[in-house]
Amino acid sequence: MEQSAWKTGQRVVVSEFAEDPAEALDRNLSLVNMEAPNPAQLGPSDVIVRVRSAAVGWVDLLMTSGQYQHMPALPYTPGLEYAGEVLWTGSEVPKEALPVGTAVLVDGLLAGPRSLGAYQSYGGFASYAVAPYAAIRPLPQGLSFDESCSLLGSYETAYHCLIHCGRLQKGETVLIHGASGSTGLAAVHLAKLIGATVIATGRSEEKLAVVKSQGADHVLSCRSLDGSAGVRRFRDDVKALTGGLGVDVVYDGVGGDISLESLRCVKFGARYLIVGWAATPNVARGKGGRGAPNANQLPTNLIMMKSLTVQGCPMVLSTLANPAIRPPRLAQIFKWVESGVLRPYVSHSFPLTEFRKAMRAKWHGEVIGGCVLHPE
């Protein structure tokens with residue numbers, strides 16, 4: 001398509017950091033018109049992508065308030081991960097390897113708001129984005145744009161936590177919290193692929209039914225019986241499902257009250273993986289204030305008496321510290337995808353014009369697995 005035929009599009013812009021994501025959605029995010037990027041202003045290894053699908057992730061929300069560990073320069077367009085079609089390539093990009101029109105996904109560690117180079121402002125919540133050739137991957141065969149943009153962040157996180165850090169083995173039992181979320185459901189999928197038994201928790205019976213249909217062996221509601229914000233006692237259920245032994249591994253992306261109860265559900269010598277703190281998102285100060293005034297806490301007496309290994313599992317930071325851990329992880333994930341045994345689950349999709357509705361759906365826990373925006 002000739003450049004003169006490229007249509008005016010739209011993009012979401014974060015103008016400043018808010019106190020929390022809810023405030024950001026009300027005040028600091030806007031949808032503006034955008035022209036397609038001008039090739040004359042781009043580099044020889046750049047690629048213009050017409051965005052078809054962009055994942056709406058938890059990190060996208062935390063970034064708007066500066067409560068994520070990485071703060072992109074303002075203003076920026078959210079959307080860590082996206083997929084679309086190649087619209088233009090620079091002179092150093094092999095034309096035979098990446099012809100115009102190729103369906104691709106973009107690596108969110110190498111381009112977009114979570115990247116560290118010159119491409120931070122080009123998020124996927126837009127009609128067009130620019131990424132370096134190194135960040136471009138062909139769309140996996142058999143996956144849609146929606147599924148492809150929901151692949152890397154969630155499954156790399158689950159792989160890093162469960163397999164690299166947690167050393168989960170065939171025949172072991174893992175307790176997965178927040179199992180209906182994007183990384184939680186990815187953890188369910190990966191745990192089953194390596195032959196583990198999965199006990200998944202959540203607060204919604206409806207969402208847990210989907211998690212069960214996606215492969216979990218057992219699902220448990222952790223919702224408190226009196227309707228309060230806390231969690232019910234579920235240790236007896238876990239012990240009953242494990243013959244009184246408890247689980248080998250806990251995958252905790254939730255934090256808060258559920259963590260304490262989980263420490264009573266484990267075997268002696270179990271591994272406890274800290275993946276996130278979705279139950280207490282305001283751990284850090286808003287507006288990039290940093291610090292951790294609302295940090296979660298774990299009781300050292302239980303950790304000691306059960307001889308637990310408690311490990312923080314920050315996928316992105318660990319990869320930056322040791323890039324060598326990433327290629328084997330990516331190779332295995334794509335091998336599973338190409339063999340047809342791994343497919344992301346996407347429950348919600350919205351047009352770009354409804355970005356606030358999409359982000360609020362994610363923020364309020366309405367989403368199961370993935371949530372995506374469609375610029376057109």
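Let me begin with a term: a residue is called buried when its relative accessible area is under 20%, exposed when that figure is over 50%, and partly exposed in between. With a relative accessibility of 2%, glutamate 156 therefore counts as buried. Please keep in mind throughout that what we have here is a predicted model.

I will stay with glutamate 156 for a moment. The residue sits in helix 4, which runs over residues 152–165, and this helix is mostly covered, since twelve of its 14 residues are buried. Among those buried positions are Leu152, Tyr155, Glu156, Tyr159, His160 and Cys165. Just after the helix, arginine 167 adopts a positive phi of about 50 degrees.

What does the side chain of glutamate 156 meet in a salt bridge? The partner is the side chain of arginine 326, with 2.8 Å from N to O. The two residues belong to distant parts of the chain, glutamate 156 being in helix 4 and arginine 326 in helix 11 (residues 326–338), 170 residues apart. Arginine 326 has a relative accessible area of 9%, and because that is under the 20% limit, this residue is buried as well. If we set aside neighbours within four places in sequence, glutamate 156 is in contact with Leu151, Met315, Arg326, Arg329, Leu330 and Ile333.

Turning to the salt bridges more broadly, a search of the whole structure finds twelve of them, and I would like to go through two others. In one, the side chains of aspartate 217 and lysine 192 meet at 2.8 Å, N to O. This pair also links distant parts of the chain, with aspartate 217 in the loop between helix 6 (205–213) and strand 10 (218–221), and lysine 192 in helix 5 (residues 182–193), 25 residues apart. Aspartate 217 is partly exposed, at a relative accessible area of 28%, and lysine 192 is likewise partly exposed, at 31%.

In another, the side chains of lysine 267 and aspartate 248 meet at 3.0 Å, N to O. Here the link is between strands: lysine 267 is in strand 12 (residues 266–274) and aspartate 248 in strand 11 (residues 247–252), 19 residues apart. Lysine 267 is partly exposed, with a relative accessible area of 26%, whereas aspartate 248, at 11%, is buried. Returning to our earlier glutamate, salt bridges that share partners join Asp107, Glu156, Arg326 and Arg329 into one network.

Helix 4 comes up again when we look at valine 275, which is found in the loop between strand 12 and helix 9 (300–305). Is valine 275 buried or exposed? Its relative accessibility is 19%, and since the limit for buried is under 20%, valine 275 counts as buried. Leaving aside neighbours within four places in sequence, valine 275 is in contact with Thr157, Cys161, Tyr251, Asp252 and Gly253; of these, Thr157 and Cys161 are among the buried residues of helix 4. Valine 275 and methionine 305 are 30 residues apart in sequence, and their C-alpha atoms are 23 Å apart in space.

Now to the nonpolar side chains. In soluble globular proteins, nonpolar side chains tend to be buried together. In this model, the largest nonpolar core has 55 residues, and those with the most contacts inside it are Leu29, Tyr82, Val106, Phe125, Ile136, Met359 and Leu373. Apart from that core lies another, of 43 residues, which includes Ala186, Val210, Cys313 and Ile368.

There are nonpolar residues on the surface too: Leu116, Leu317 and Leu320 form a patch there, with about 290 Å² of accessible area together. Leucine 116 is found in the loop between strand 5 (103–106) and strand 6 (128–132), and because its relative accessibility is 55%, above the 50% limit, leucine 116 counts as exposed.

Finally, a polar residue towards the start of my list of positions, asparagine 28, which lies in helix 1 (residues 21–28). Asparagine 28 is buried, with a relative accessible area of 8%. What lies 3.2 Å from a polar atom of its side chain? The answer is the backbone oxygen of glutamate 16. Not counting residues up to four places away in sequence, asparagine 28 touches Val13, Val14, Ser15, Glu16, Phe17, Ala18 and Glu23.

How values were computed:
Residues numbered from 1 in each chain as written. Predicted model: local features only at pLDDT ≥ 70, side-chain atom pairs only at ≥ 80, totals over all residues. Heavy atoms only, no water. Helix = DSSP H or I, 4+ residues; strand = E, 2+ residues; numbered from the N terminus. Buried < 20%, exposed > 50% of the residue type's maximum accessible area, 1.4 Å probe, protein only. Polar contact = N/O pair within 3.5 Å; in protein donor to acceptor, adjacent residues only side chain to side chain. Contact = heavy atoms within 4.5 Å. Patch = residues over 30% accessible without salt bridge, like charges linked within 9 Å, V, L, I, M, F, W, Y side chains within 5 Å. Areas by Shrake-Rupley, 256 points an atom, 1.4 Å probe, with all protein chains shown as cover. Salt bridge = Lys/Arg side-chain N within 4 Å of Asp/Glu carboxyl O. Core = buried A, V, L, I, M, F, W, Y, C linked by side-chain atoms within 4.5 Å.
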